[in-house]
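Thanks for asking me to look this one over. Here are my notes, point by point, with the structure alongside.

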Amino acid sequence: MLPPHAQTLVRVLAPLGAAVMLSSSVLRAQGAVSGQIRLIDRPGVSAGSLRDVVLSLEPERPTSAPAWLSKVSVGMKQREFEPHVQIVAAGGSVAYPNQDPFSHNVFSNSSLGAFDLGLYRSGKTRAATFTSPGVYAVYCNIHARMVNYVIAVRTPYVTRAQGNGTFSIERVPAGNYTLRVWHERASEHVEVLRVPAEGLTSVTLALDARGYTPSAHTNKFGQPYAATRADRY
Ligand SMILES: [Cu+2]
């Protein structure tokens, strides 16, 4: 039994004959998938803003991210990557403009696709391509505290949470999806989600961050950062 609005579409399309056979995608109603994320932290640890939680829904049929996600930018300013977490289309690129008055390096040792943009000066921009979907940790080889996460996706159904953990992914066609929820302090949550025609409005998820321990990452040579070098700038 089709939902009432789908029946309306059938009636409208019926005079077109063959068009009805081609209209299955039109008939797949779209709803929002929305809800609430929370982070379970160890006692005494505050979750803080959940703006850096990324949620995506990958349809069963391969698809791609929208064009506007294929070229994005992450600034380097006051020895920070901004934004700290960036979403990009798999196969797309992230430009890293250096907005500080001194040089930065940008590299990743990710097994998904390592790269090294080298050292470059104030005002210069270099870009990295993220071919495989997944989560990449990106660093500066000079400033150990500079950390950027790039989430490369193959779907248009992707969003960040609000600071309070609410989220909404709009216009999701009915079907089965792989839901991925990521935050840097938790392991990725993956589950199969069946989205009905009317969408899902009260998805509640908890990410377990209790096992998280902050640890120093290594430089691009796999060595600890030398304090003297980092302090020089
Ligand atoms: Cu730097």
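In what order do the 3 strands of the open sheet with mixed pairing run? The points below begin there; please keep in mind that this is a predicted model.

1. The order is β14-β1-β17, and the pairing in this open sheet of 3 strands is mixed. At its edges you will find β14 (166–173) and β17 (200–208), each of which pairs on one side only. On average, neighbouring strands here are turned by 25 degrees against each other, direction ignored.

2. Do have a look at the pairing of β1 with β14. Strand β1 (residues 30–40) is joined to β14 by 6 bridges, and the two run antiparallel. To find your place along the pair, use Gln36, which stands opposite Thr166 in β14.

3. A second open sheet has 4 strands in the order β13-β2-β15-β16, with antiparallel pairing. Because β13 (158–160) and β16 (186–195) are its edge strands and have a single partner strand each, one side of each lacks a neighbour in the sheet. The average turn between neighbouring strands of this sheet is 15 degrees, direction ignored.

4. Within that sheet, β15 (residues 175–183) pairs with β16 in the antiparallel sense over 8 bridges. Here Leu179 stands opposite Glu191 in β16.

5. Turning to the interior, the largest nonpolar core has 45 residues, and Val150 and Ile151 touch the most other members. The top contributor to this core is strand β12 (residues 147–153), which gives 5 residues.

6. Val150 rewards a closer look. Leaving aside neighbours within four places in sequence, Val150 is in contact with Gln86, Val88, Val94, Phe130, Tyr136 and Val138.

Technical notes. Residues are numbered from 1 along each chain as its sequence is written. This is a predicted model: local features need pLDDT of at least 70, side-chain atom pairs count only at pLDDT 80 or more; totals for chains, interfaces and linings use all residues. A nonpolar core is a set of buried Ala, Val, Leu, Ile, Met, Phe, Trp, Tyr and Cys residues joined through C-beta atoms within 7 Å. A residue is buried if 20 or more other C-beta atoms lie within 10 Å of its own, exposed if 12 or fewer, and partly exposed in between; C-beta atoms are placed from the backbone. Two residues are in contact if their C-beta atoms, placed from the backbone, lie within 7 Å. Two strands pair if DSSP finds at least two bridges between them. Axes are lines fitted to C-alpha atoms, for helices over the stretch in contact, and angles run from 0 to 180 degrees between N-to-C directions.
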